[in-house]
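Work through the exercises below with the model open. Each task is followed by its solution.

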Amino acid sequence: MKNNSWLNWHFVFRVLGFVLIMESLFIFLSSGISFYYKDWDKYSLLFLGGITFVIGTILVLSGSKEKAIKNIGKREGFLTVALSWMLFAIFGSLPYYITGAIPSVTDAFFETMSGVTTTGSTILTDIEALPKGLLFWRSITQWLGGLGMIVFYLALLPLLGGGATQLYDAETTGITHDKFRPRVGQVAKRLWIIYLILTLILTTLLWLGPMDFFDAICHSMTTLSTGGYSTKQDSIAHWNSSYIDYTVTIFMFVGSINFSLLYFLFKGNIRKLLKDEELRWFLIIVVAATVLVTVYLVEDLHMSEHVISFRAAVFQVVSIISTTGFATGDYVAWGPFYWIIFLLLMLVCGCAGSTSGGLKMVRLVVLAKNTLNEFQKQIHPRAVVPVRLNGIVLSNDVVQKVVAFTFLYIVLILISGIFFTLSGMGFEESLGASVTAISNTGPGLGASGPTGCFADIPTVSKWYMAFLMLVGRLEIFTILVLFTPGFWKK
């Protein structure tokens with residue numbers, strides 16, 4: 001293959017190939033689950049795993065290893081990450097479609113994109129009818145999408161040269177990235193080790209409760225990834241257990257914390273965690289929202305037991321702000337006050353560098369500080385008042401990028417809301433769909449609320465929602481930059 005000077009296709013194809021090979025291994029694992037439970041989808045999953053592995057191998061061999069590590073820039077990083085997620089979603093939808101569990105191509109792709117982006121929106125009306133292998137596949141797509149499949153790939157097969165850095169920066173969230181290890185491959189490996197340890201801990205804790213082992217491991221994967229897929233149609237409410245509710249709440253919160261901070265915590269550096277400004281803001285908002293919702297549940301809905309009110313409030317607040325989307329109650333049925341509160345929480349979401357989606361708390365902090373600085377500049381026009389985060393002065397470029405990101409974020413919500421309305425969806429459903437898709441939260445409003453699904457929305461809306469989920473998960477610029485003419489110019 002001839003290598004174009006303006007784009008290193010050798011690099012792109014080899015990474016795409018390795019991503020598909022990695023995906024095939026997890027399809028094989030899902031097939032093994034089906035064989036264990038003697039489900040009818042076992043041979044289909046085995047066949048699909050083989051096909052995915054062969055195509056991945058062909059892509060790897062089509063790119064020269066020597067040329068793949070040369071002349072790698074941001075262009076290759078953006079394109080490779082975007083195509084990796086698209087390809088993963090396409091091949092990931094085949095287990096649903098080929099087995100007939102989801103006979104619609106649109107629905108199968110929607111379910112997979114929602115899974116891998118950890119959005120958690122679903123078109124399924126009878127989740128428990130799926131065989132165990134597909135339920136496991138559904139959960140593991142969210143687990144892989146939590147920290148990012150590219151980061152997982154880098155942890156296993158770190159690239160040489162600058163390619164790893166370009167991929168890491170294009171996929172991971174936040175305004176800056178902590179370089180706490182000299183090599184990106186080592187960073188990715190440490191993050192995934194922590195992720196795996198936390199998943200095993202949560203699996204054990206859930207298994208000690210009323211969940212069986214299969215449900216425990218599936219829910220541990222979708223909790224840490226803040227994805228929200230459940231093996232039960234009633235979600236976490238199925239168990240009606242305070243032990244399960246509080247355990248899941250704690251780990252949804254953990255999944256919303258910057259994993260760089262968790263890395264330092266595992267090394268014994270608790271001071272970095274306690275001094276983190278973004279985490280403090282996040283904790284304050286969670287506490288304030290929980291208190292507010294608890295009080296109103298007691299006073300407005302007359303929930304006689306305050307403990308039950310608190311349990312319902314803290315679970316739902318953390319579930320929404322972490323973008324997990326698990327449900328133990330229908331906040332839409334509680335009234336407009338509550339869904340407006342949760343809609344605002346959907347917009348802000350968790351910390352940068354976590355598995356949660358949305359605007360991210362760090363951007364809210366930067367915007368708030370920048371706005372306060374503007375008031376000072378009105379009084380003292382010549383004053384130089386920088387924006388500081390954790391005592392470090394942020395450059396004007398970083399602040400401007402935060403402002404631009406927030407502007408695009410809001411504009412996309414408005415445009416998407418109009419699009420959904422024109423497609424035939426109601427106002428509440430349109431607003432909920434646009435916010436939940438770009439923030440990767442899961443439940444919407446109205447008929448697609450926490451106890452509903454997106455099965456009945458128009459086909460064109462499902463495809464657009466899937467696109468919006470990917471845009472939100474890769475933090476807008478990684479996808480939208482591909483649609484600019486400058487990206488494709490030599």
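Helices here are DSSP runs of H or I with at least four residues, numbered from the N terminus. The model is a predicted one.

**Exercise 1. Place phenylalanine 315 in its helix and decide whether it is buried or exposed.**

Step 1. Phenylalanine 315 lies in helix α15, which spans residues 306-321.
Step 2. Take the cut-off: buried means under 20% relative accessible area.
Step 3. Phenylalanine 315 has 0% relative accessibility, so it counts as buried.
Step 4. List the neighbours, leaving out residues up to four places away in sequence. Phenylalanine 315 touches Ile236, Asp245, Val248, Thr249, Met252, Phe326, Ala327 and Thr328.
Step 5. Add a distance. From phenylalanine 315 to leucine 59 is 44 Å, C-alpha to C-alpha, with a sequence separation of 256 residues.

**Exercise 2. Classify the packing of helices α1 and α2.**

Step 1. Helix α1 covers residues 9-37 and helix α2 covers residues 42-62.
Step 2. Their axes are 7 Å apart, at an angle of about 165 degrees.
Step 3. Angles over 145 degrees count as roughly antiparallel. Therefore α1 and α2 are roughly antiparallel to each other.
Step 4. Sort the contact residues of α1 with α2 by class: 16 are nonpolar, twelve polar and three charged.
Step 5. Give the hand: α1 and α2 make a left-handed crossing.

**Exercise 3. Do likewise for α4 and α6.**

Step 1. Helix α4 (residues 74-99) and helix α6 (residues 132-147) have axes that come within 11 Å and cross at roughly 170 degrees.
Step 2. That angle makes α4 roughly antiparallel to α6.
Step 3. Name the contact residues. From α4 come Trp85, Phe88, Gly92, Pro95, Tyr96 and Thr99; from α6 come Leu134, Trp137, Arg138, Thr141, Leu144 and Gly145.
Step 4. The classes in the contact of α4 with α6 are seven nonpolar, four polar and one charged.

**Exercise 4. Analyse α17 against α20.**

Step 1. Helix α17 (residues 336-348) packs on helix α20 (residues 427-438) at about 30 degrees, with axes 9 Å apart.
Step 2. This makes α17 roughly parallel to α20.
Step 3. The crossing of α17 and α20 is left-handed.
Step 4. In α17, Trp339, Leu343, Met346 and Leu347 meet Glu428, Leu431, Val435 and Thr436 of α20.
Step 5. In the contact of α17 with α20, six residues are nonpolar, one is polar and one is charged.

**Exercise 5. Which residues have the most contacts inside the largest nonpolar core?**

Step 1. The largest nonpolar core has 142 residues.
Step 2. Val293, Tyr331, Phe342 and Met465 have the most contacts inside it.
Step 3. Take one of these. Beyond four places in sequence, valine 293 touches Ala313, Val317, Trp334, Tyr338, Ile341 and Phe342.

Notes
Residues are numbered from 1 along each chain as its sequence is written. This is a predicted model: local features need pLDDT of at least 70, side-chain atom pairs count only at pLDDT 80 or more; totals for chains, interfaces and linings use all residues. Side-chain values use heavy atoms; hydrogens and water are left out. Axes are lines fitted to C-alpha atoms, for helices over the stretch in contact, and angles run from 0 to 180 degrees between N-to-C directions. Helices (H or I, at least four residues) and strands (E, at least two) are DSSP runs, numbered from the N terminus. Angles under 35 degrees count as roughly parallel, over 145 as roughly antiparallel, 65 to 115 as roughly perpendicular and the rest as oblique. A crossing is left-handed if the near helix is turned anticlockwise from the far one by less than a right angle, and right-handed if clockwise. Contact means heavy atoms within 4.5 Å. Ala, Val, Leu, Ile, Met, Phe, Trp, Tyr, Cys and Pro count as nonpolar, Asp, Glu, Lys and Arg as charged, and the others, Gly among them, as polar. A nonpolar core is a set of buried Ala, Val, Leu, Ile, Met, Phe, Trp, Tyr and Cys residues joined through side-chain atoms within 4.5 Å. Buried means under 20% relative accessible area, exposed over 50%, partly exposed in between (1.4 Å probe, protein chains only).
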